Amino acid sequence: MSYNLLKGKRGVIFGVLNEQSIAWKVAKRCVEEGATITLSNTAMAIRMGDITSLAATIGAEVIPADATNVEDMENVFATSMDKLGGKIDFVLHSIGMSPNVRKKRTYDDLDYKFLDKTLDISAVSFHKMIQSAKKLDAISKGGSILALTYIAAQRTFFGYNDMADAKSLLESIARSFGYIYGRESGVRINTISQSPTMTTAGAGVKDMTKMLHFSDMMSPLGNATADDCADYCVAMFSDLTRKVTMQNLFNDGGFSNVGMSLRAMETYEKGLEEHLDDAGNIIYG
Ligand SMILES: NC(=O)c1ccc[n+]([C@@H]2O[C@H](COP(=O)([O-])OP(=O)(O)OC[C@H]3O[C@@H](n4cnc5c(N)ncnc54)[C@H](O)[C@@H]3O)[C@@H](O)[C@H]2O)c1
């Protein structure tokens, strides 16, 4: 159902890889709500993923860019303004990658070159994106910029590894830049902290299926899906949230404020012995 919430607005969406990508669900919903958009991803993701065919279904231009490269970021915003015919009203950063997670390096055995990459791709790229847009004066007054994050930025989640540090930095960038951009031209910058979601990036997180199930049991409303996330993004891009900025907003069915649910506790008790090794020692993971 469309409410025309984004009628006449122009947007740039980073991070569509395939149909499962949260960015794709957001892109589709934005177009349904009346926006015209461009999509961006790395040249490699464009070759390996489905972004080209997906973009064709919504009439969106695809602009190749590595989000860690400032020139690429400038080109995305200049080209988007050109193709869409004016300044940009909303931007989604839906980008994350950790070489340490990919190579199964645990948090107490990080490769620091990999850590630099994790932070650059998953967090500093948000700063590069916003700074490039601001220098080009590419964002309309009152525009809205969002990045997707995860609760591991605030609380430790086994297996989330150095992505937790990247998400903390990402959320901090939203606050620091949100102050400057809000004061100067009313641009809002927020992060949405999404439930675990089965996507290509999500599947890389250790024991993702179990994590998904656990948070679903813990949350009074159950996990938020990628479609739920798309609805929230639309609301945040719309004029209905003009005074919301510098926030980390949880779209997680209530998970972040639950200590323990009865269902989760009872399941945990039943399975406790599975977490002991043969000698009866606790496996911490
Ligand atoms: N899936 C989850 O459980 C979950 C939960 C909370 C937050 N998030 C966040 O949502 C965002 C989107 O992830 P997703 O789950 O849709 O997975 P996804 O794999 O579909 O998207 C990740 C995207 O990042 C892109 N990317 C990687 N390196 C890049 C670079 N250098 N430049 C530009 N783009 C690059 C990939 O090509 C891909 O399109 C990420 O920030 C992720 O951390 C995901």
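What follows is a walk through this predicted model, from its helix packing to its ligand shell and a handful of single residues. Residues are numbered from 1 along each chain as its sequence is written. Because the model is predicted, local features need pLDDT of at least 70 and side-chain atom pairs count only at pLDDT 80 or more, while totals for chains, interfaces and linings use all residues.

Let's start with α1 (22–32) and helix α10 (residues 226–237), which pack at an angle of about 50° with their axes 8 Å apart. Helices here are DSSP runs of H or I with at least four residues, strands are runs of E with at least two, and both are numbered from the N terminus. The axes are lines fitted to C-alpha atoms, for helices over the stretch in contact, and angles run from 0 to 180 degrees between N-to-C directions. On that basis α1 and α10 are oblique to each other (under 35 degrees is roughly parallel, over 145 roughly antiparallel, 65 to 115 roughly perpendicular, and the rest oblique). α1 passes α10 in a right-handed crossing, where right-handed says that the near helix is turned clockwise from the far one by less than a right angle, and left-handed that it is turned anticlockwise. On the α1 side the contact is made by Ile22, Lys25, Val26, Arg29 and Cys30, and on the α10 side by Ala226, Asp227, Cys229, Ala230, Asp231, Cys233, Val234 and Phe237; two residues are in contact if their C-beta atoms, placed from the backbone, lie within 7 Å. Sorted by class, those residues of α1 and α10 come out as 9 nonpolar, no polar and 4 charged. The classes go like this: Ala, Val, Leu, Ile, Met, Phe, Trp, Tyr, Cys and Pro are nonpolar, Asp, Glu, Lys and Arg are charged, and the others, Gly among them, are polar.

Next come helix α4 (residues 70–84) and helix α6 (residues 112–135), with an angle of about 50° between them and axes 9 Å apart. That angle makes α4 oblique to α6, and the crossing of the two is right-handed. Val70, Met73, Glu74 and Phe77 are the α4 residues that meet Lys128, Met129, Ser132 and Ala133 of α6. In this contact there are 5 nonpolar, 1 polar and 2 charged residues.

Just past α6, in the loop that leads to β5, sits aspartate 137. Its phi is near 50°, a positive value in a residue other than glycine. Aspartate 137 is exposed, with 11 other C-beta atoms within 10 Å (20 or more make a residue buried, 12 or fewer exposed, and anything in between partly exposed, with C-beta atoms placed from the backbone). On the other side of β5, in the loop before α7 (163–185), asparagine 161 also has a positive phi, about 60°, although it is not a glycine. Is asparagine 161 buried or exposed? With 23 C-beta neighbours inside 10 Å, asparagine 161 counts as buried.

Now for the ligand. Of the 26 residues around it, Ser21, Gly96, Thr199, Ala201 and Gly202 come nearest; to be near, a residue needs its C-beta atom, placed from the backbone, within 6 Å of the molecule. α1, β5 (139–149) and α8 (200–203) each supply at least two residues of this shell. Which element gives the most to the shell? That is α8, with 3 residues. By class, the shell has 12 nonpolar, 13 polar and 1 charged residues.

The last helix pair is α9 (residues 208–218) and α11 (residues 262–270), whose axes come within 7 Å and cross at roughly 135°. That makes α9 oblique to α11. Phe214, Met217 and Met218 of α9 make the contact with Arg263, Ala264 and Thr267 of α11, which gives 4 nonpolar, 1 polar and 1 charged residues.

Valine 258 lies in the loop between β7 (248–251) and α11. Leaving aside neighbours within four places in sequence, valine 258 is in contact with Met218, Ser219 and Pro220. The C-alpha atoms of valine 258 and proline 220 are separated by 8.4 Å, though the two residues are 38 apart along the chain. Valine 258 is partly exposed, with 15 other C-beta atoms within 10 Å. Lysine 270, in helix α11, is exposed, with 9 other C-beta atoms within 10 Å.
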